[in-house]
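Student: Before we get into the details, can you walk me through how the labels on a model like this one are decided?
Tutor: Happy to, let's put it up and go term by term.

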Amino acid sequence: IRAGIAVSVVSAVVWLVDERLASADPAHFITPYLNLAVSLGFFLFAVFIVDRVKSLIVREREIANTDHLTGAANSRHFSDILEREIDRSRRYGHVVTLAYIDIDDFKQVNDRFGHSAGDALLSAIAGKIRAQIRTVDVLARLGGDEFAILFPETGAQGARIVIDRIRQSIDRTAHGRDWPIAISIGVVTCPKVPVSMDKLLMLADETMYMSKQAGKDRATYRVYAT
């Protein structure tokens, strides 16, 4: 918007100078300045219209890519990001880690406190996770009470540190609000050439269910080397 305003002012002044050089003296001294004001107003109007349209397009794109309840990426957008990251990891040989998260006993919250409390829980958990990850990491809500975190260029040890912090933060929040929940997490690290997007999601989901079968409220880690 600043660049548009600057270009508008310069364009209006150039228009004024060109008009004065190309024509005889005006009938009234104020006429050129009225023309300047009209042309500047026209340019600024166009700039603000374009800026507004651009803002609306950006907003619509964000809405299309974001889960409305938690603010995390939705599953479709996350799939696009994950596929691009796998391609980049394959090209440059970077490690990639994916965490799959499921809320244990989430149904009890809905049954005891109502669906509004369940929505508040999902939003709070997304906020706690977002507070512990980097800006380059991607949090997504895959549906229901399931989340995923993409850790680009992060090995198993680095992911373990972050996952431990997330579990501690969510555990404190659950106890503080009397929520009868915990989280089960499956973490898969591909150290060299990653598998396909669908395969990586499947491996992370399977690893999460290993945490469920082992008693819930835990994280299971797996290194998958193709």
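## Labels and their cut-offs

Tutor: The largest pocket holds about 220 Å³ of space. This is a predicted model, where local features need pLDDT of at least 70, side-chain atom pairs count only at pLDDT 80 or more, and totals for chains, interfaces and linings use all residues. Residues are numbered from 1 along each chain as its sequence is written, and side-chain values use heavy atoms, with hydrogens and water left out.

Student: What makes a space a pocket, and what makes it a cavity?
Tutor: On a 1 Å grid over the protein atoms alone, a cavity is a set of points where a 1.4 Å probe fits but cannot get out, while a pocket is an open set with protein on both sides within 12 Å along at least five of seven lines. Lining residues have an atom within 4 Å of a point. The volume is the space filled by probe spheres set on the points, which are joined across faces, edges and corners.

Student: Which residues of the pocket lining lie nearest its centre?
Tutor: A73, R130, D137, V138 and L139, out of 14 lining residues. By class, the lining has six nonpolar, five polar and three charged residues. Nonpolar means Ala, Val, Leu, Ile, Met, Phe, Trp, Tyr, Cys and Pro, charged means Asp, Glu, Lys and Arg, and the others, Gly among them, are polar.

Student: How many cavities of 30 Å³ or more turn up?
Tutor: One, in a search of the whole structure. The largest cavity has about 30 Å³ of space, and its lining is A124, I125, K128, I170, T173, A174, W179 and I181.

Student: Why are α3 and α7 called roughly perpendicular?
Tutor: Their axes, lines fitted to C-alpha atoms over the stretch in contact, cross at roughly 110° and come within 9 Å. Angles run from 0 to 180 degrees between N-to-C directions, and 65 to 115 counts as roughly perpendicular. So α3 and α7 earn that label. F78, S79, L82, E83 and I86 of α3 meet M197, L200 and L201 of α7, with contact meaning heavy atoms within 4.5 Å.

Student: What makes the K212 pairings polar contacts?
Tutor: A polar contact is a pair of N or O atoms within 3.5 Å; within protein, one must be able to donate a hydrogen and the other to accept it, and residues adjacent in sequence count only if both atoms are side-chain atoms. The side chain of K212 makes one with the side chain of D102 at 2.3 Å and another with that of D104 at 2.7 Å.

Conventions: Helices (H or I, at least four residues) and strands (E, at least two) are DSSP runs, numbered from the N terminus. Angles under 35 degrees count as roughly parallel, over 145 as roughly antiparallel, 65 to 115 as roughly perpendicular and the rest as oblique.
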